[in-house]
Amino acid sequence: MRRLVFKLKEDNKISHMEFITDRTPGWTVQQYLRNRPGLDMTLISNETTDQKETISREITFNNNEK
C-alpha cells in the first residue's frame, strides 16, 4: 500500500489530503478531481506503508511542515 499526501488548492484555500491506497498517484488525482472543477492537487509525499485498509482524510500540518 502507498501513503499519498496531496496539497489541495481551491481559490485561496489550501488544505491537505492523505490517501492510503494501492493505486497510483495519477489514478488518485484523476478520481478525486473528476467532479471537483477548480481544484488543484499537488503530490507532496509518496511512501510505502504497512497499513492494510484504504482511507482518505483531510490532514493538518504544523506550521513548520509542508
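This passage describes the aromatic pairs of the predicted model, the charges that sit over rings, and one exposed loop residue.

Two aromatic pairs are found in the structure. In the pair of Phe-6 and Phe-19, the ring centres lie 5.7 Å apart and the planes meet at 80°; because this angle is over 60 degrees, the pair is edge-to-face. Phe-6 belongs to strand S1 (residues 2-10) and Phe-19 to strand S2 (residues 13-21), so the contact ties together parts that are 13 residues apart in sequence. Phe-6 is buried, with a relative accessible area of 1%, and Phe-19, at 8%, counts as buried too.

Phe-19 also takes part in the pair with Tyr-32, where the centres are 5.6 Å apart and the planes at 80°, so this pair is likewise edge-to-face. Here strand S2, which holds Phe-19, is linked with helix H1, which holds Tyr-32, and the two residues are 13 apart along the chain. Tyr-32, like Phe-19, is buried. Taken together, Phe-6, Phe-19 and Tyr-32 make up one aromatic cluster.

Charged side chains meet rings as well. The charged end of Arg-36 is placed over the ring of Tyr-32, at 3.8 Å from its centre. Arg-23, in turn, lies over the face of Trp-27, 4.4 Å from the ring centre.

A contrast to the buried rings comes from Asn-35, found in the loop that runs between helix H1 (25-33) and strand S3 (39-48). Its relative accessible area is 67%, so Asn-35 is exposed. The C-alpha atoms of Asn-35 and Ser-56 are separated by 16 Å, with their positions 21 residues apart along the chain.

Notes
Residues numbered from 1 in each chain as written. Predicted model: local features only at pLDDT ≥ 70, side-chain atom pairs only at ≥ 80, totals over all residues. Heavy atoms only, no water. Helix = DSSP H or I, 4+ residues; strand = E, 2+ residues; numbered from the N terminus. Buried < 20%, exposed > 50% of the residue type's maximum accessible area, 1.4 Å probe, protein only. Phe/Tyr/Trp six-rings, centres within 6.5 Å; stacked < 30°, edge-to-face > 60°. Lys NZ or Arg CZ within 6 Å of the ring centre and 35° of its normal.
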